[in-house]
Amino acid sequence: MTPHWLLALPNEAYAWVGLMAVVGLCVGSFVTVVSTRLPKRLLAQASGQAPATQPLRSHCPHCQQQLRWTDLVPVVSWLMLRARCRHCEHPIAARYPATELLTATWFAWCALVYVSPSVYGGASAMLDAQASALLWALWGAMLLCCLIIDQHYFLLPDVITYPLLAIGVLASALGLTAVDLNASLLGAVSAWLGLWLVALGYRLAAHQDGMGQGDMKLFAAIGAWLGLAALPWVLLGASLSATLVALLLRWRQTRHNSAASGGVDTHTRELLAIDERAIAFGPYLVVSAVGYQVWLMSAAL
Ligand SMILES: [Zn+2]
């Protein structure tokens, strides 16, 4: 067997993948900042309060002490501080370094896919390949923001979903994704219409809203990136996994006789008048869409 292409890449390719992993760590740190601060600001606006003035510099959410740059190095700081705040010793959740590591892995994976000989055609296509890798990396990071925010706050902010949709259409127009412009536009429109019809059907059958506008916008953005053909698969994957989790939560609820929170705190649920049995659909759309794209990328390798 000839050496696997992974072991036979030029040195620049390894450097590029490594660089993307480091960039991914920093972007992952930014994902945490966005998904912590943005929903708080939006919720404050929704409840009519003036948005709480937050210090521009990062601070400990428990003791409000400003953090030094040495406390903000992705993953390393968390390990060095042994997962505790330097000032108040309050535990720092493992989801922060986990988000950074996940983003770094995604960035490295995107970079790797586009340096593989079967995907990228040679030196002349190198810039296009790097641009495509960066675009898909960014796509994943923006979707991760949507996942975290929707999971915790039942929100899919327009300031993320609209740009995501616009970048997807633009990337298709520039030929930087495998989806052509028609499929991208058709994907966005059909996705929005499809979920709108599902929501309408649910409202007629159950006499209550089952899906938010945010889900439709997120799905439209996914349609713009993945094209029309991907949509049935993404929706099927999202619906099946969401149903499975809802059933598991319901089962746990009846066993323990306690409300299933689905990760959203009581205050946010009351503020947004969310049914205690509801689960956010956005995270399942995200996981399903990323799963579909990883499957496509793996098949191309
Ligand atoms: Zn602290």
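Which residues coordinate the zinc ion? That is a good place to start with this predicted model, and the points below go on from there.

1. **The zinc site.** Four cysteines hold the metal: Cys60, Cys63, Cys85 and Cys88 each coordinate the zinc ion through SG, at 2.3 to 2.4 Å. The angles subtended by the 4 donor atoms run from 104 to 118°, which makes the arrangement tetrahedral. If you would like to find the donors in the sequence, look for the spacing C-x2-C-x21-C-x2-C.

2. **What the site joins.** Cys63 sits in the loop between helix H1 (11–46) and helix H2 (76–80), while Cys88 sits in the loop between H2 and helix H3 (95–115), so this pair ties together parts that are 25 residues apart in sequence. Are these two cysteines buried or exposed? Cys63 has 27% relative accessibility and therefore counts as partly exposed. Cys88 is likewise partly exposed, at 27%.

3. **A buried lysine.** Next, please turn to Lys217, which belongs to helix H7 (residues 213–226). Its relative accessibility is 15%, under the 20% cut-off, so Lys217 counts as buried. Leaving aside residues up to four places away in sequence, Lys217 touches Asp158, Thr161, Tyr162, Leu165 and Trp192.

4. **A stacked pair.** The last of those contacts of Lys217, Trp192, also takes part in an aromatic pair. How many such pairs does the structure hold? There are 6 aromatic pairs. In the one made by Trp192 and Trp196, the ring centres are 6.5 Å apart and the planes lie at 10°, so the pair is stacked. Both residues are in helix H6 (residues 181–206), and because they are 4 residues apart, about one helical turn separates them. Trp192 is partly exposed, with a relative accessible area of 31%, and Trp196 is partly exposed too, at 36%.

5. **A tilted pair.** Tyr292 and Trp295 form an aromatic pair with 5.8 Å from centre to centre and 55° between the planes, and this pair is tilted. These residues are 3 apart in helix H10 (residues 282–300), so they too are separated by about one helical turn. Their surroundings are worth a look: Tyr292 is buried, with a relative accessible area of 14%, whereas Trp295 counts as exposed at 56%.

6. **A tryptophan cluster.** One more aromatic group to visit: Trp106, Trp136, Trp139 and Trp225 form one cluster. Trp106 falls within helix H3 (95–115), and Trp225 within helix H7 (residues 213–226).

Terms used: Residues numbered from 1 in each chain as written. Predicted model: local features only at pLDDT ≥ 70, side-chain atom pairs only at ≥ 80, totals over all residues. Heavy atoms only, no water. Donors = N, O, S within 2.8 Å, 3.2 Å for Na, K, Ca; no water. Tetrahedral: all angles 85-135°; square planar, octahedral: opposite > 155°, others 65-115°. Helix = DSSP H or I, 4+ residues; strand = E, 2+ residues; numbered from the N terminus. Buried < 20%, exposed > 50% of the residue type's maximum accessible area, 1.4 Å probe, protein only. Contact = heavy atoms within 4.5 Å. Phe/Tyr/Trp six-rings, centres within 6.5 Å; stacked < 30°, edge-to-face > 60°.
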